[in-house]
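Q: Got a minute to look over a model with me? I'd like to go through its fold, confidence and surface.

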Amino acid sequence: MTEISSPTDPATSEFERTPREIRAQMVQRLQVGLFGLSLMLLLVGLANIIMDNARRNDAAAASAQASTSAGGSSDPLADIGVIPSPDAGKVQAGASPRVTPAAPH
């Protein structure tokens, strides 16, 4: 037969919890859960800020690249004036080259 231990038995009293211990454990679980939720919210917000900054930087770089490529030569030495621009030797369509009159002798 199985024995049913009495509430004063030391073997079962160590596993029984008081209402205060139960409440303390519930509060601790609630605190851990709320801390985890707030940490996840903080991480998602931080990731959103990083992604927004990356999109802005990509858009700024794309517009700078478009203005550089549309604005002129792609040769950096020609841009700073060290060598002549590759477009400098070309004559525009419809324009005739200038002819300077010869000086009288």
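Q: So how many helices and strands does the protein chain have?
A: The protein chain has 3 helices and 0 strands, in the order α-α-α along the sequence. Helices (H or I, at least four residues) and strands (E, at least two) are DSSP runs, numbered from the N terminus.

Q: Anything to know before I zoom in?
A: This is a predicted model, where local features need pLDDT of at least 70, side-chain atom pairs count only at pLDDT 80 or more, and totals for chains, interfaces and linings use all residues. Residues are numbered from 1 along each chain as its sequence is written, and side-chain values use heavy atoms, with hydrogens and water left out.

Q: OK, what's the mean pLDDT?
A: The mean is 79, with 66% of residues at 70 or more; pLDDT is the predictor's confidence in each residue, from 0 to 100.

Q: And which element has the lowest mean pLDDT, and which the highest?
A: Helix α1 (residues 10-13) is lowest at 56, and helix α2 (residues 19-71) is highest at 91. Where pLDDT is low, don't read the predicted coordinates in detail.

Q: Switching topic: how many salt bridges in the whole structure?
A: The search finds 1, between the side chains of Asp52 and Arg55 at 3.0 Å, N to O. A salt bridge here is a side-chain nitrogen of Lys or Arg within 4 Å of a carboxyl oxygen of Asp or Glu.

Q: Where do Asp52 and Arg55 lie?
A: Both are in helix α2, 3 residues apart, about one turn of the helix.

Q: How exposed are they?
A: Asp52 is partly exposed at 28% relative accessibility, while Arg55 is exposed at 53%. The cut-offs are buried under 20% relative accessible area, exposed over 50%, partly exposed in between (1.4 Å probe, protein chains only).

Q: What share of the chain is buried?
A: Of the 105 residues, 2% count as buried.
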